[in-house]
Number of protein chains: 4
Amino acid sequence: MYFRKKANSIFSKFFNLELEKQERILNASMKEFAQKGFKNASTNEIVKEADIAKGMLFHYFNNKKDLFLFLYDYSLEALEEEFFGKIDLQERDLLKRWRQLALLKIDVIAKYPEMFRFIMAANFENDGKVKNELQNRNKDFITSSYAMIYDNIDHSKWRNDIDIKRAMDIINWTIEGFGVRQQEKTKLPSFSEFNCDEIMAEMDRYLELFRNCFYKQQEDASSQ
Amino acid sequence: MYFRKKANSIFSKFFNLELEKQERILNASMKEFAQKGFKNASTNEIVKEADIAKGMLFHYFNNKKDLFLFLYDYSLEALEEEFFGKIDLQERDLLKRWRQLALLKIDVIAKYPEMFRFIMAANFENDGKVKNELQNRNKDFITSSYAMIYDNIDHSKWRNDIDIKRAMDIINWTIEGFGVRQQEKTKLPSFSEFNCDEIMAEMDRYLELFRNCFYKQQEDASSQ
Amino acid sequence: MYFRKKANSIFSKFFNLELEKQERILNASMKEFAQKGFKNASTNEIVKEADIAKGMLFHYFNNKKDLFLFLYDYSLEALEEEFFGKIDLQERDLLKRWRQLALLKIDVIAKYPEMFRFIMAANFENDGKVKNELQNRNKDFITSSYAMIYDNIDHSKWRNDIDIKRAMDIINWTIEGFGVRQQEKTKLPSFSEFNCDEIMAEMDRYLELFRNCFYKQQEDASSQ
Amino acid sequence: MYFRKKANSIFSKFFNLELEKQERILNASMKEFAQKGFKNASTNEIVKEADIAKGMLFHYFNNKKDLFLFLYDYSLEALEEEFFGKIDLQERDLLKRWRQLALLKIDVIAKYPEMFRFIMAANFENDGKVKNELQNRNKDFITSSYAMIYDNIDHSKWRNDIDIKRAMDIINWTIEGFGVRQQEKTKLPSFSEFNCDEIMAEMDRYLELFRNCFYKQQEDASSQ
DNA sequence: AATGAATGAGGCTTCATTCAT
DNA sequence: AATGAATGAAGCCTCATTCAT
C-alpha cells in the first residue's frame, strides 16, 4: 500500500498516537467534513469533538487542507481494500458481480459509516483549494474501479439486440440511485436500523428485472 | 400561486424595485449561491455584482438565509410553471412523456441557466441553517412532480411480467444520471456548445432500449 | 503626484474618513511598525491604539502588507515634497547644499516625527513579504535623491589632490552618522527637547572641518 | 573573563554537552536569530537545524530570551578576545591602528561568519523583550572599545587647526559606512567571493585621504 | 430609500513553553 | 537526561449584520 507507507512517514506524528485517540480524531474530522464540506467545516469543532488541544490538529496534519486530503487518501485506501480485495473476479456474470459489490458496500457502510459518508461528501466537494487534488486521485480510482468491474465479463448471456454499453449505464445509474435511496432512508426519523437482508432482497428485484430484460431468456425455467 | 402572494407581502420592498434592478439582484445572488453554496456565498460579492448598496440586501430580504430561501421559492415556482404548465398530460405513454420533460428541461436550462444551476446546487445544500427548510419544500415539490408525471399513464403497453414500479425507478434514475452526465460534459475544457439535437438523439437511444425491454413487443415493425 | 492619485482610488475608503481618524490610524500604524518591524507589529495593537474596530483596518487597507506599503508610499511622497520641493538647486557649493538638507531634515523630524521614524525603520526592514517591494521603491528614491544632491555641483573650489568621489562618501557617512547620533540623543532619559540651533551649530563644525580639509584654502581670511 | 564564569554556572547544562553538539546548537541559533530577528526566530527551526529535542533548548537555556542573551554575551566575549587580544597598542598612529582593526575584522568575519552576522543583527534588534538588556551590554562594550582604540594615540602628527575629536568621529563614521557598504556588496547577485586585498586597498584610499587632510604635511615625499 | 462605515465573533494557523514518559 | 506531545494565547483576516447619516 503506497499511501500507508507515505502516510506513516509524513503523518507519523498522528500514527504514533494511541489508537483510541487516532479514532476520535478520524471520526470527528470525517463527521465535520461530511456534514459541512471542506470550507465550512470548522477545525474548532473538530478539536472540540475529538477532545484534543487546538494546536494538535496542526501538529499532526499541518493544515486543514492536508488533513482533508489525508482523510481522503486514508479512506480511499481502506475502501479499496474492502472492495478490491474481496471481489470475486471469477464470477463473469455482470449482474452477479454487481450483487457482490452491493453486499460489500453494505458491509462497508455498516463497518465504517463515518468514512463512507465522508467519501461520498468529498466526491461532491467543490472548493477550489482541494478540488483539483481530489479529481486527480478520483480519476485513477474511478478508472480502475470500472475497469475492474467490467473486466472479463461474459457477454454471451446478453440478448443480441441490446446495446450493451447503454444497458450498463442503466445498471450503473440504477444501482447508484438505489444506494442513494437507501442512504436517504437512514436519515428519516422512522429509521431504526439497517436491515441488510431486506435491502438485498429489494436490490435483487432490480437485478432480476435487468436479467429478465437484458439477458437471453432460456426456455427451461432454471433461469437464475 | 400561494408563494407569489406571500412573497408580495413579505418581500414587497424587493418587488417594488424596478424590474431591471430586481433581475440584477436575482442573477447576482443565484450565481453566487450556485457557485459557492449557502455559507461560502458572500453577500459582499452579491451586492458588488448586483451593484447595489450593502445595506439594501438586508433591507429587502432581512438576512442571508431569507434571501436564499426566497430565491429557492421563487425559482421553484418559475420552474413549476415552465414544467407543469407545458407538459401534455394527454400523452399516456410514459416514455413519451419523459421525452417531453427532457425537452422542457433543455428549454429551461437554455432560458434560465442561472436559475437552473441555482436550484441544482440548492438541492445539494447541506448547511444546517437552510437544510431543513429546503427539505420541507422539496418533499412537496418532488411528491407532486412524480404524481403528475405518473398520473394517468397507460400501463397496457407494458410487458405483464415487468414490475412496473421498479421499472419506473430505473427510468427515473437513468434519466437523472443521463442529465448529470450531460451537465458534466459542459464542464470539460473541450466543451464548446450545447447541441440539443445530439443530446436528444442520445436520450432516445436509452428510451428505445427501455421500450425494447419494458413494453410488449409487437410482431409488426411499427414499434414506435 | 502619481501615488496620491492611485492612493485616492485604491484607498478611497481610508481617505474618505474624517481627517482626525485618518491621523489616528496613520500614527498608530507607523508607531507600531517603527517599533516592532513589519512582522512583529500587531494589527490588534494598531486598532486598539487607533481606537477603531478590528475589521476596519482590513476594510481600509485589505491586509497588513498593503497597509505597510501604503504607509511607505504615503510617507515617501510626503517627505519628497518636503525635501525636493524646498532644496535650492542654485546653491552649487556641496557643503552648503548639505547644510540646507540638514535643516530640512530637522524640520521634517520636528513636523512628522512618527513618519520619519517609520521610514527609517522601514529601510531596515528584512521581512520577505515586503522586502522586494520596498527595494523597488527605494532604488528609485535613492537614485534620484543622490542625483539631485550631487547635480550641478561646483568642483572648482575643491583641492586638486582630493579624491572627490571618496570625499563625498566621507561626507555622506558623516552626515548619516551625525543624524543617527542626534536621533539616539532623543532616546536618552536626560533628553528634554530638540534644540535646532544647537544641532546646527554642531553640524556646522563638521562642515567647517570638511571645508578646511577638502576645499582650496584662500590666502585671505574670508573663508566662508 | 567574568561572563564565562557566570555562564559556566548558569549554563552549565549546556557547557557539559559534548563540544560538537554545543557547536551545532550555537550555529543553528545564531543563524536563525541573525536571519529573522529575535521574535520571528523559531525555536522549532533551531532545534530542527541543531538536531536536538525541543525540550532540551529550554532545559539548557530556560527560555528564548535567555538563549538570545547568552548568545550575545558569548559572541561578544569571543569577539573581544579576537580584537582586544590582538591589537597592537604600541602603534600610536590612529589611522594605522584603524587599519589593524579593519584587518582583524576581516579575519573575524572569515573565521566566525555566523557569529559576526548574529552580533550585527543583534545590534539592530528592536524587540522590547531584549532591547534594554542589549543596550546595557552594548554601552559598556562600545565605551571600552573606544577607550582602547583611542588610548595612547600620538596627536603630534595631526594638524594643529583640526578639531581632533570631530575628526575622529568622521573617521569612525567613515569606517562604519565603509564596512556596511562591503557587507551590502556580499548580498548582490553579482557577488562571488570576498577579496580581502581589494577591500584593504580600497580602505587604504580612504585612510590616505584622511592622512592627507588631518595630518601635518611633511615637505619630503616619504609621507607614509 | 439608500449608503457604506462600523462591529465583533469566528475562521485558520503559529509558537514559546510545559510536562508526562 | 532526553523526547516530543500537549497547551492555549495571540496572530491575521473574513463576514453577516447593524446603524448613523
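Trainee: What makes one say that chain C and chain D meet through the same surface?

Mentor: The model is a predicted one, and the conclusion rests on the overlap of interface residues. Of the interface residues of chain D, 96% are also interface residues in chain C, so the copies meet through the same surface.

Trainee: Why is the relation of chain D to chain C called that of a two-fold axis?

Mentor: Chain D is superposed on chain C by a rotation of 176° with a shift of 0.1 Å along the axis, and the RMSD is 0.7 Å. Such a relation is therefore that of a two-fold axis. Within chain D, the C-alpha nearest this axis belongs to D:Cys213 and lies 2.6 Å from it.

Trainee: How do you know that no contact joins chain B and chain C?

Mentor: The closest C-alpha atoms of chain B and chain C are 12 Å apart, and a contact requires heavy atoms within 4.5 Å. No contact joins these two chains. Chain A and chain D likewise have no contact, with their closest C-alpha atoms 12 Å apart.

Trainee: What makes chain A and chain B an interface, and how many residues of each are in contact?

Mentor: The criterion is again heavy atoms within 4.5 Å. By it, 26 residues of chain A are in contact with 25 residues of chain B. The size of an interface is often expressed as the accessible area lost when the parts come together. For chain A and chain B this buried area is about 2300 Å², of which 59% is on carbon and sulfur atoms. On the chain A side, A:Arg166, A:Trp173 and A:Leu209 lose the most area to chain B, together 28% of what that side buries.

Trainee: Why is A:Asp93 called buried?

Mentor: A residue is called buried when its relative accessible area is under 20%. A:Asp93 has 1%, and is therefore buried. A:Asp93 is placed in the loop between helix H6 (64-84) and helix H7 (94-111) of chain A. Apart from its neighbours within four places in sequence, A:Asp93 is in contact with A:Ile153, A:Lys157, A:Arg211 and A:Tyr215.

Trainee: Why is A:Asp51 called exposed?

Mentor: The term exposed applies over 50%. A:Asp51 has a relative accessible area of 61%, so it is exposed. A:Asp51 belongs to the loop between H4 and helix H5 (56-61) of chain A.

Trainee: What makes the phi of A:Asp51 worth a remark?

Mentor: Most residues other than glycine have a negative phi. The phi of A:Asp51 is near 60°, a positive value in a residue that is not glycine. C:Asp51 also has a positive phi, of about 60°, without being a glycine. C:Asp51 lies in the loop between helix H4 (43-50) and H5 of chain C. Its relative accessibility is 61%, so C:Asp51 counts as exposed.

Trainee: Which residues come nearest to DNA strand E?

Mentor: There are 32 residues around DNA strand E, and the nearest are B:His59, C:Lys21, C:His59, C:Tyr60 and D:Thr43. Of the atoms of DNA strand E that come within 4 Å of the protein, 64% are accounted for by sugar and phosphate.

Trainee: What makes the approach of A:Thr43 to a phosphate oxygen of DNA strand E a polar contact?

Mentor: The limit for a pair of N or O atoms is 3.5 Å. A polar side-chain atom of A:Thr43 lies 2.7 Å from a phosphate oxygen of DNA strand E, so the pair is inside that limit. For B:Tyr60 the corresponding side-chain distance is 3.1 Å. D:Lys64 instead uses a backbone N or O atom, 2.7 Å from a phosphate oxygen of DNA strand E.

Trainee: Which element gives the most to the surface near DNA strand E?

Mentor: That element is H5(B), with five residues. By class, this surface has 11 nonpolar, 13 polar and eight charged residues.

Trainee: How do you know that residues of chain B and chain C make polar contacts with DNA strand F?

Mentor: The same limit of 3.5 Å applies. A polar side-chain atom of B:Thr43 lies 2.6 Å from a phosphate oxygen of DNA strand F. Backbone N or O atoms serve for B:Lys64, at 2.8 Å, and for C:Lys64, at 2.7 Å. H5(D) gives the most to the surface near DNA strand F, with five residues. Sugar or phosphate holds 65% of the atoms of DNA strand F within 4 Å of the protein, and the rest belong to bases.

Technical notes: Residues numbered from 1 in each chain as written. Chains lettered and ligands numbered in written order. Predicted model: local features only at pLDDT ≥ 70, side-chain atom pairs only at ≥ 80, totals over all residues. Heavy atoms only, no water. Near = heavy atom within 4 Å. Polar contact = N/O pair within 3.5 Å; in protein donor to acceptor, adjacent residues only side chain to side chain. Helix = DSSP H or I, 4+ residues; strand = E, 2+ residues; numbered from the N terminus. Nonpolar A, V, L, I, M, F, W, Y, C, P; charged D, E, K, R; others polar. Buried < 20%, exposed > 50% of the residue type's maximum accessible area, 1.4 Å probe, protein only. Least-squares fit on C-alpha atoms with pLDDT ≥ 70 in both. Buried area = accessible area lost by both parts, 1.4 Å probe.
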